[in-house]
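Work through the exercises below with the sequence and the model open. Each task is followed by a solution in steps.

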Amino acid sequence: MNTLFLLPNTDEEIIETYDEDIIVTTREGRIIKVSPRSGEQYGVTPEELLGKSVYDLEAAGIFSPAITPLVLKKKKKVVLRQNTPSGRKVLITGIPLFNDNGDVEFVVSYSYDMSQLMVMKEYLENLETEMSKVKGELAHLRNQQLHVEGCIMESPSSIRALQTAIKMAQLEVPVVIQGESGTGKTALAKLIHSRSSRSAEAFIEIHCSAIPESVFEISFTGLDNEGYMSLAAGGTLVLNEVDQLSSASQAALFKILKQSHTARVIAITHTSIEEAVTSGHFREDLFYLVHLASIELKPLRERPDDLGQSISRFLEELNDNYHKQKTISDDLYFHLLQLPWKGNFRELRNVLERSFIESESPLITLDDLPITYQPDSDERIGLELEGQTLPHILESVEKKVLLNAQKRYRTTTEMANVLGISQPSVVRKLKKYTSTLPGGKIT
């Protein structure tokens, strides 16, 4: 049997905790420690409990039944249901604390309102149902042997993008794929091509903005009909950075696509071409020609599921490539999760590989990161598990992440998007953690 040896002082006091209802009693049943929430379930104040005997409180119907006598008798953890004077049901847990002789010296108990537990149970069941739906969608996609090279596509927004890509592949209509650099736009275009009836034909990707305006049209038509359109005939023509074209090149592209229907067209953009049309920077007739379907790939910082999976997947690949067996420290992992990753998958893979090579031990740490990615000393989360309760650890991590994000982003709305929580939640949590800091500013 695992035993816990602890001898707290016997002073009567209200101990500072988070939201727990905690009571400490002596072996005689006298209450010596309570938390600010103690007694809330029973209709009494914490001060009214201090110094009282649990036996007297049981006789008065406050504790029904008292848990301390049962823990003293069994000398092990006891969990039972109590009835409070107001008729509420409480789930209470009692834990024995032993002295050096192996006798129970103190009993620590903590309780939860069972109605709250039922609400939590219902929430978890609903969450499990939603997760089952997502897992079902993932299983369906995996059963279809989908693979997007170099990208993890397991977040809800990524799954939606994959589902749309599969549908568009069969319809063979023009598609626009929008997203930041490195989010997997070209990889998704290759997936659409591979799932279409044109998969056996050419896949031609063109970086439109790199073609000089003066030779733009001839690059597509060719002097002897050997331009890009001829190369992509029967296959897929990917127009990368089409949103960066000049007005003259847009006019030439509209003319080329209007006259030729030999290739399936997929346009790739960094920005919204709908907004570009509205602002007058993109031709409306060209927009209607290439934009029958649209797929948006969110940046990696807004895809926490994909980001966490990518770190693990890329580390596995590096271990295979370099024939090593390295892992990353917890504080490095949490730090990677909160970086902006403006270069998305490409940047993440590059930084991980550089850190992998730099590390001289099997454990990759924050100090192995490229210097520009290392956090300042006051930004380091630092996970110290020894002697810390789980709520304290989680609160410390949450505080560090929020304060670091506040330094990196201009508004709470940006912070909410990056952290994957609501803007009101960001404001509420910042007020909690900055209330004791001088000059704390929340916008």
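**Exercise 1.** Does Tyr373 count as buried or exposed, and at what relative accessibility?

*Solution.* Step 1: take the classes, in which buried means under 20% relative accessible area, exposed over 50%, and partly exposed in between (1.4 Å probe, protein chains only). Step 2: Tyr373 has 18% relative accessibility, so Tyr373 counts as buried.

A note on the source: this is a predicted model, in which local features need pLDDT of at least 70 and side-chain atom pairs count only at pLDDT 80 or more, while totals for chains, interfaces and linings use all residues. Residues are numbered from 1 along each chain as its sequence is written, and side-chain values use heavy atoms, with hydrogens and water left out.

**Exercise 2.** Classify the ring pair of Trp341 and Tyr373, and place both residues in the chain.

*Solution.* Step 1: rings of Phe, Tyr and Trp (its six-membered ring) pair if their centres lie within 6.5 Å; planes under 30 degrees apart count as stacked, over 60 as edge-to-face and the rest as tilted. Step 2: the structure holds eight aromatic pairs. In the pair of Trp341 and Tyr373, the ring centres are 6.0 Å apart and the planes stand at 20°, so the pair is stacked. Step 3: the pair links distant parts of the chain, 32 residues apart, with Trp341 in the loop between helix H13 (330-338) and helix H14 (344-358), and Tyr373 in the loop between strand S13 (363-364) and helix H15 (390-408). Helices (H or I, at least four residues) and strands (E, at least two) are DSSP runs, numbered from the N terminus. Step 4: Trp341 is buried, at a relative accessible area of 1%.

**Exercise 3.** Describe the salt bridge between Glu317 and Arg349, then find the ring that Arg349 lies over.

*Solution.* Step 1: a salt bridge is a side-chain nitrogen of Lys or Arg within 4 Å of a carboxyl oxygen of Asp or Glu. A search of the whole structure finds eight salt bridges. Step 2: in the bridge of Glu317 with Arg349, the closest N and O atoms are 2.9 Å apart. The two partners come from distant parts of the chain, Glu317 from helix H12 (residues 304-322) and Arg349 from helix H14, 32 residues apart. Step 3: Glu317 is partly exposed at a relative accessible area of 26%, and Arg349 is partly exposed at 31%. Step 4: a charge sits over a ring if NZ of Lys or CZ of Arg is within 6 Å of the ring centre and within 35 degrees of the ring normal. Arg349 lies over the face of Phe314, 4.1 Å from the ring centre. Lys326 has its charged end over the ring of Phe356, 4.7 Å from the centre.

**Exercise 4.** Where do Glu217 and Lys255 lie, and how do their side chains meet?

*Solution.* Step 1: the side chains meet in a salt bridge of 3.3 Å, N to O. Step 2: Glu217 is in helix H7 and Lys255 in helix H9, 38 residues apart, so to place them is to link distant parts of the chain. Step 3: Glu217 is partly exposed at 32% relative accessible area, and Lys255 is partly exposed at 40%. Step 4: compare Arg303 and Asp306, whose side chains meet in a salt bridge of 2.8 Å, N to O; Arg303 and Asp306 are both buried.

**Exercise 5.** How many residues of helix H6 are buried, and what covers them?

*Solution.* Step 1: helix H6 (residues 185-194) is mostly covered, with eight of its ten residues buried. Step 2: among the buried residues are Lys185, Leu188, Ile192 and His193. Step 3: contact means heavy atoms within 4.5 Å. The cover includes helix H5 (156-171), strand S7 (175-179) and strand S8 (203-207).

**Exercise 6.** Which two residues have a positive phi although neither is a glycine?

*Solution.* Step 1: Glu172 has a phi of about 60° and lies in the loop between H5 and S7. Glu172 is partly exposed, at 23% relative accessible area. Step 2: Glu241 also has a phi of about 60°, and Glu241 lies in the loop between S9 and helix H9 (247-259). At 19% relative accessibility, Glu241 counts as buried.
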